[in-house]
Amino acid sequence: MFYINENFLNLQDSYLFSTIAKKVAEFQQNNPDKKVIKLGIGDVTKPIVPAVCDAMKKAVDEIGTAEGFKGYGPEQGYDFLRKVIAENDYKGLGIEPDEIFVSDGAKCDCGNIVDLFDSESKIAITDPVYPVYLDTNVMGGRSGKFNKDTGKYENIIYMPVSSENNFVPELPLITPDVIYLCFPNNPTGTVLTKQQLKKFVDYAKENKSIILFDAAYEAFIQDENIPHSIYEVEGAKDVAIEFRSFSKTAGFTGVRCAFAVVPKTVYGLSKSEEKISLNKLWNRRTTTKFNGASYIVQRGAEAVYSEEGRKQIRENIEYYRENAKIIKEGLEKAGFTVFGGVNSPYIWLKVPEGLTSWEFFDELLSKANVVGTPGSGFGPSGEGYFRLTSFGTKENSIEAIRRITEVFGG
Ligand code: MLT
C-alpha cells in the first residue's frame, strides 16, 4: 500500500474560491429567478484587446505553415518575450532577459517556487493573504497543524495587516527564511511606499531571508510614489524574486501567461553553507517540470507591449479603475468604511457591526444577490472585512452598489 503526502491533511477542506463557487452554485440552483452579480474571485470581464488577438491569430497562421511550425519552445519562454519584458517592465532596473521565466500563470509560479526551499524553512505571510502562498507551504510540510481557535497554522509567521496598522505589516519578531509580500495587496487593495518596502528589503538582507514579491496588480497603481516592482528598491535584486502576470493587466485569466523574475544575484545556502544561485535552481526546475507557455500565447503577450496593445490595455484598466471608484464611493455613501480600490482593483470593506465576514457573505448573497469574498477566508485578521472586485462590468458594479445600499445603506 502506498502512503499519501499527509501534509495535505493539514489543509482546510477546500480552496477558498472553490468554496465560494459551490455556495453560489447552490444558491443559484435554489433561486433560478435571481440575477446574481459576482464580484468575488478577481476574474476579468473585458475581452482580450484587438492588438493581442491579432498577434495570436497571426501566430496561429504561422504555425500552420511548414516554415512557421513550432514544436517544443524554450521552457523559460521565447527570447522575443523575455526581451520585451526586460526592456519595458524593468527599464533602467538592470533585469536581464535570462532572469525572466515565462510561465502559464503567477498562481502556478507562486505555488511552484516552494520547490526551491528547504522543507524546514520558516515562512512569513501577511494576514490576510492570497491563500496560495499559505496552502502550498502547508502541502510542502512547512507548517504545523491548523489551530481552529486561532485560525492559524503552527510554525507559520503571520504579519497582521488591518486598519489598526494602516495595512502596513510589521517586520516579523521571529526571523523567517521566506517572506511573501503582495503589493498592491490582494486581498486588501492597499499599497506600500518605496520606503516601507525598503524596510523589508533591508530586513531580508540583514537576516539572509528571501522575499517573494507578488506584483500581479502593479498595472493598477496610480500614485507616483508607489513602486511597481520591488527592484525599484535598492538592494532588492539580491534578496527578492518577483512574480507578474498578464491576467489582470491584459485580461489573460483564461489565456494564461505570466512570468517570474529570478535575478542572478539572489543566492541561497546549502546545508554546507555553499552559496547557490536561485536563478540556476529555478532554471533547472523549469526545464524539468515545464515545457513552456504556448507560442501563440507568448506572441499575444508580446503584443501587450506594442503601441496599440499598450493603448488598448490602458483603456481596459481605466474601465476597471472607474468601477473601483464607483464601488468605493458608493459603499462610502452607504455608510461603509472602505479601504483599497485606488491603486488596486480590490475594495476592502468593514462588514456591518455584529456580523462575521461569512455571515455578511450569506446576507449579501441572499438579500442583494451579490457575491464577494469574506475577509476571514484570507486569514484570521481578515475577520470583519469583506472583498469586492472591480473586474465586473460597469453596469453590474453600479447595480451591485444600488442593491447593497438598498439592503445595508443608512
Ligand atoms: C483572486 O480573486 O484573489 C484572484 O483572482 C485569484 C487568482 O489570481 O488566482
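## Close-up views of the contact between domain 1 and domain 2

**View 1. The two domains of the protein chain and their separation.** In this predicted model, the C-alpha centres of domain 1 and domain 2 lie 24 Å apart. The domain assignment builds domain 1 from two stretches of the chain, 6-47 and 308-408, while domain 2 covers 53-306.

**View 2. The area buried where domain 1 meets domain 2.** Contact between the two involves 37 residues on the side of domain 1 and 51 residues on the side of domain 2, and the area buried between them comes to about 3,500 Å², with carbon and sulfur atoms giving 57% of that area. On the side of domain 1, N10, Y15 and N343 together supply 19% of the area buried against domain 2, which is more than any other three residues contribute.

**View 3. Polar pairs across the interface.** Between domain 1 and domain 2 there are 24 residue pairs in polar contact, counted where both residues have pLDDT 80 or more, whereas the rule for salt bridges finds zero across this interface.

**View 4. Helix and strands on the side of domain 1 that touches domain 2.** At least two residues of this side are supplied by each of α10 (307-333), β13 (338-340), β14 (346-350) and β17 (385-389), and α10 gives the most, with eight residues. Sorted by class, the side of domain 1 that touches domain 2 consists of 17 nonpolar, 13 polar and seven charged residues.

How values were computed
Residues numbered from 1 in each chain as written. Predicted model: local features only at pLDDT ≥ 70, side-chain atom pairs only at ≥ 80, totals over all residues. Heavy atoms only, no water. Domains from an automatic or database assignment. Contact = heavy atoms within 4.5 Å. Buried area = accessible area lost by both parts, 1.4 Å probe. Salt bridge = Lys/Arg side-chain N within 4 Å of Asp/Glu carboxyl O. Polar contact = N/O pair within 3.5 Å; in protein donor to acceptor, adjacent residues only side chain to side chain. Helix = DSSP H or I, 4+ residues; strand = E, 2+ residues; numbered from the N terminus. Nonpolar A, V, L, I, M, F, W, Y, C, P; charged D, E, K, R; others polar.
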